[in-house]
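Biologist: I'm new to this one, so could you pick a single part and walk me through it slowly? I'd like a close look at one sheet and how its strands fit together, and then a quick sense of the whole thing.

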Amino acid sequence: QVQLVETGGGLVQPGGSLRLACSVSGRSFSRYVMGWFRQAPGKEREFLATISWAGTRKSYSNSVKGRFTISRDNAENKVYLQMNSLKPEDTAVYYCAADINSVSGAYSETRDRYDYWGRGTQVTVSS
């Protein structure tokens, strides 16, 4: 069983920054593709970013490209989402997810690829 716990959410003013972290249990973290998603009230869960096993390949949605950065620390079993230039429309619950059935060099942009999810952390962007 793989468990994921997101931290780092909170209230931030427009234009501000937050760094989310996701701690992942399990002995094979370095072989998981990891992703970040978000879900705003009344909306579908939206893909944001994904990262390959070694962190050499990344992909972002157009809505966050250039503002958000995904990274990982395989020694610490953690994946991060650095969020800059935050906007009110970034307000949502943010989730990390693990794709445990991937291959080296791959990444996963679709929700259905992911096997395990965290419970989410709330991010609110408001003045």
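Modeller: Happy to. Let's start with one pair of residues: Cys22 sits opposite Val79, which belongs to β8. Keep in mind that this is a predicted model.

That pair is part of the match between β3 and β8, where β8 covers residues 78–83. The two strands run antiparallel and are joined over six bridges. In general, strands of a sheet pair through backbone hydrogen bonds, in either a parallel or an antiparallel way.

Now look to the other neighbour of β3. Strand β3, residues 18–24, also pairs with β1, again in the antiparallel sense, this time over four bridges. If you want a spot to find by eye, try Thr7, whose bridge partner in β3 is Ala21.

Put those pieces together and you get an open sheet of four strands, ordered β1-β3-β8-β7, with antiparallel pairing. At the edges stand β1 (4–7) and β7 (68–73); each has a single partner strand, so one side of each has no neighbour in the sheet. On average, neighbouring strands here are turned by 15 degrees against each other, if you ignore direction.

What about β3 itself? Five of its seven residues are buried, so the rest of the structure largely encloses β3.

The loops next to β8 are worth a glance too. Most residues other than glycine have a negative phi. Asn77, in the loop between β7 and β8, goes the other way, with a positive phi near 55 degrees. Ser85 has a positive phi as well, near 50 degrees, and lies in the loop between β8 and β9 (92–99). Ser85 is partly exposed, with a relative accessible area of 41%.

Stepping back to the whole protein, you'll find eleven strands and zero helices. The radius of gyration is 14 Å, close to the 14 Å that the globule rule gives for 127 residues, so the protein is as compact as a globular protein of that length. Its C-alpha trace spans about 40 × 30 × 25 Å along the principal axes, and buried residues make up 43% of the 127.

Two last numbers. Take the contacts between residues at least 6 apart in sequence: 59% of them join residues at least 24 apart. As for the surface, the protein exposes about 6,600 Å², with carbon and sulfur atoms supplying 42% of it.

Key. Residues are numbered from 1 along each chain as its sequence is written. This is a predicted model: local features need pLDDT of at least 70, side-chain atom pairs count only at pLDDT 80 or more; totals for chains, interfaces and linings use all residues. Side-chain values use heavy atoms; hydrogens and water are left out. Two strands pair if DSSP finds at least two bridges between them. Axes are lines fitted to C-alpha atoms, for helices over the stretch in contact, and angles run from 0 to 180 degrees between N-to-C directions. Buried means under 20% relative accessible area, exposed over 50%, partly exposed in between (1.4 Å probe, protein chains only). The radius of gyration is taken over C-alpha atoms; the globule rule is 2.2 Å times the number of residues to the power 0.38. Contact means heavy atoms within 4.5 Å. Accessible areas come from the Shrake-Rupley method with a 1.4 Å probe; for residues, only the protein chains shown count as cover.
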